[in-house]
Every structure is written in structure tokens, then in C-alpha cells.
Amino acid sequence: MKKIILIIFLTTSFSFAQNKFLNDPLVTEIFTADPSAHIFNGKIYVYPSHDIVVENPPVDDCGGKYAMRDYRVLSMNYIGGPVTIHDVALDLDDVQWAKRQFWAPDAAEKDGKFYLYFPTKDKDDIFKIGAAVSDKPEGPFKAENNPIEGSYSMDPSVFKDDDGSYYMYFGGIWGGQLQRWDEDNQYTPGECGNELQDSGIPDGPAISPRIAKMSNDMISFAEDPKPVRIIDKNGNPILTKDHARRFFEAAWVHKKDGIYYLSYSTGNTHLIVYATSDNPYGPFVYQGIINNPVDGWTNHHSTLKVGDQWYLFYHDTQISGKDHLRNVKFTEMYHNKDGSIQEIFPLKN
Ligand code: FUB
């Protein structure tokens, strides 16, 4: 009798765990996170972080347990189709200036060449952003000898505007070190991130993500990085203490009907939210939530239009249950007629 009860209990718990998630992982063979999705050469390519098992991961707010060492690109011929896990696209050992931690990457295509943008710590343990080039979307990519001049912090994403201009958005606070850089791009050494280092002024404007236009060569900035202002509907800045709305990391921009949508993670409140503007430089007006908290601490995403349908690519920890061993997935995303985005609930009730 006891045995039967145990079997019923295990079966029920297992199916509950299976059913808790709105979507299933794209791949289960490797751990993947921070998916940047694009269509290149008519195929869907996803550029994720490649999470790895770390023995005795440090317990701090510096992100030490995110100790990734290479990138693997995923591709699908169509949405929901079989997924190819490509060979190593770039290895930490092949980047001269890098010391550790390959964090969330992005990619862009221009004139038949493909560019991988990746944040990693330099030999002084300062996050910078690198560029690497390939003839193929899946790589292998060859890294430049130095980080992009003028770059700092992490989570680069490169947006191509309708006029052919490319802009990099970047930055992330706490372990991403953005709090060490002022808006004139000057660096002050600091401890690794924690809540007190959001900006130091709870009632002051929250730290802004940065934007820089890319040069024609796609491996350098055409200008000094500038802060991207995020304001509320009354024109007031979103404040440091407003943890449910302030910028933390994972800036991503898409454009629909002439409106620029800046979406980002709020970090310790675990939301993906969005703000809109009529200018890629902003200011962006906060609008609302796109993705609610996922299983796991980090919530990092990208958006992609395939045919007429928009998708949100995101990650959670469905396979491992561990914050630093994540798996990417996607779900449909809908814009309402008034331009707002429908909220997504990645976990079922
Ligand atoms: O994957 C490492 C870091 O975790 C990313 O750069 C952040 O956005 C967060 O997802």
C-alpha cells in the first residue's frame, strides 16, 4: 500500500514539475542562457551564453558562478524545428585580452560578414566588450586583439535600424560593473556589485544602460557611449530604489511601427520590462512588464519576428534547478493594437 502511495506521489510531483513551465528547453545536451535570436541567411540563429558546472561556486553578488569559457551557437530552419548545436564558435583561450567569464553575447550581420559581440573580464578583472568576425553565422569567429575601444561592462546587444545604422546597447549593474563607470565613461575601481552599489543615491535616477553607434567596420564605436535615459510617463527618471522598474542588465531593442522598444531585466526583481521611444537614443518611457519571473535568479531575453509572429527568447533553470545552469526557450509574444506588449507568465499557476 505504502509503495502505491509513493508511486502516486512521485508521479504526481513529476508531472507537476513537467507542467509548471510554459515552454520546454530548446536543447538539453548543454546548458544555455541569455539567448540573442536573429534571422541570418533565412535561418534562425540563437547566440546564448554556454553555462558550465562550477565546483564550489562563490556565494556573492559578483556573478563568480557564471564562469563560462566558450560560445556555442544554436540554429533552427524554422521556429519549433529541430535545433542544431554548432561546434565551439569562440573559446576564451583564443581571446588574447580575456581572463575569464564569457557572459551574454549578441551577433550582427553586415555585407555577408558576421560579428559576435561578447563581454568578458580583461586581465585586470574589468568587464569589456569584444568583437569577433566570421564568414558564417555559426562561426568559428576570430576575435580582435583588443576589446572594442571605449567599451565597458557587459550584455552587449546590437540593433540594426531601418536606415542601415547599427547601435550597441550595453551595461549591467552589480556583477556587470556598470556602477563603476560614470556617464562621461570614466572608471573608478570598486568592489564587486551589491545592492548598495546600484548608484549610491536611492532617490536619484537609476544607472542608465549605454548606447554607442557602431562604425562601418562593425568592430569599433563611431562615438563615445552615451547614457540611455529611462523615464516614467510624467517625464521623471526611474529611480534607483524603484527596483521593479529600474534598469539592471540585458538591454535589447526591437522596432515595430516606427517605435523603438527597449526591453531589459530588472535583476533582483526578476522581471523583463520595456520602455518605448521614437529615437534609438531615447529617452525611453517605461511601459510595463513583458516577462514575469522565471525559475532561477536571472531573467534575460531577446525578441525576434519570424514571419508575422513575434517571439520572446528567454531562459530558466528547468533542467538543473540551479541559478547558473540555465536552458534557453522561446514563447510567442504579442503587441496590442495600441503598441503595448502583452505580459507573459512563464510559469503556470
Ligand atoms: O550569463 C551571465 C549573466 O547573467 C548575463 O550576462 C546576465 O544578463 C545574466 O543573465
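**Exercise 1. Determine how much space the second largest pocket holds, and describe its lining.**

*Solution.* Step 1. The second largest pocket encloses about 450 Å³ of space; the structure examined here is a predicted model.
Step 2. Its lining consists of 28 residues, and those nearest the centre are G63, Y66, W103, W297 and T298.
Step 3. Sorted by class, the lining of the second largest pocket comprises 13 nonpolar, seven polar and eight charged residues.
Step 4. The ligand sits in this second largest pocket.

**Exercise 2. State which residues surround the ligand, and how they divide by class.**

*Solution.* Step 1. With a cut-off of 4 Å between a heavy atom of the residue and the ligand, the shell is made up of D34, S49, M68, W103, A104, M154, D155, E249, T298, H300, H315 and R326.
Step 2. This shell contains four nonpolar, four polar and four charged residues.
Step 3. W103 and T298, which belong to the shell, are also among the residues nearest the centre of the second largest pocket.

**Exercise 3. Find the distances from side chains of D34, D155 and E249 to oxygen atoms of the ligand, and state what share of the ligand is buried.**

*Solution.* Step 1. For D34, a polar side-chain atom is 2.5 Å from a ligand oxygen atom.
Step 2. For D155, a polar side-chain atom likewise lies 2.5 Å from an oxygen atom of the ligand.
Step 3. For E249, the distance between an N or O atom of the side chain and a ligand oxygen atom is 3.5 Å.
Step 4. The ligand by itself would expose 280 Å², and the protein buries 98% of this area.

**Exercise 4. Describe the volume, the lining and the contributing strands of the largest pocket.**

*Solution.* Step 1. The space in the largest pocket amounts to about 570 Å³.
Step 2. There are 23 lining residues, and H38, V158, F159, K160 and L304 are the closest to the centre of the largest pocket.
Step 3. At least two lining residues come from each of the strands β1 (31-40), β6 (106-110), β10 (157-160), β15 (249-256) and β19 (302-306).
Step 4. The lining of the largest pocket is composed of 12 nonpolar, four polar and seven charged residues.

**Exercise 5. Establish how many cavities of 30 Å³ or more the structure holds, and which residues line the largest cavity.**

*Solution.* Step 1. Rolling a probe the size of a water molecule over the atoms reveals where empty space remains.
Step 2. One cavity of 30 Å³ or more is present.
Step 3. The volume of the largest cavity is about 40 Å³.
Step 4. Its lining is formed by S36, A104, P105, D155, P156, S157, A250, A251, W252, H300 and H301.
Step 5. Strand β15 gives the largest share of this lining, three residues.
Step 6. Six of the lining residues of the largest cavity are nonpolar, four are polar and one is charged.

**Exercise 6. Identify the backbone features at P140, P283 and D155, and locate each residue.**

*Solution.* Step 1. Most peptide bonds are trans, and most residues other than glycine have a negative phi.
Step 2. The bond from G139 to P140 is cis, with omega near 5 degrees; P140 is placed in the loop between β8 (127-134) and β9 (142-143).
Step 3. G282 and P283 are also joined by a cis peptide bond, with omega about 0 degrees; P283 lies in the loop between β17 (272-277) and β18 (284-291).
Step 4. D155 has a positive phi, near 55 degrees, although it is not glycine; D155 is found in the loop between β9 and β10.
Step 5. D155 also appears in the shell around the ligand and in the lining of the largest cavity.

How values were computed. Residues numbered from 1 in each chain as written. Predicted model: local features only at pLDDT ≥ 70, side-chain atom pairs only at ≥ 80, totals over all residues. Heavy atoms only, no water. Polar contact = N/O pair within 3.5 Å; in protein donor to acceptor, adjacent residues only side chain to side chain. Areas by Shrake-Rupley, 256 points an atom, 1.4 Å probe, with all protein chains shown as cover. 1 Å grid on protein atoms, 1.4 Å probe; cavity = no way out; pocket = protein on both sides within 12 Å on 5 of 7 lines; lining within 4 Å. Sits in = over half its atoms within 2 Å of the grid points. Nonpolar A, V, L, I, M, F, W, Y, C, P; charged D, E, K, R; others polar. Points joined across faces, edges and corners; volume = space filled by probe spheres on them. Helix = DSSP H or I, 4+ residues; strand = E, 2+ residues; numbered from the N terminus.
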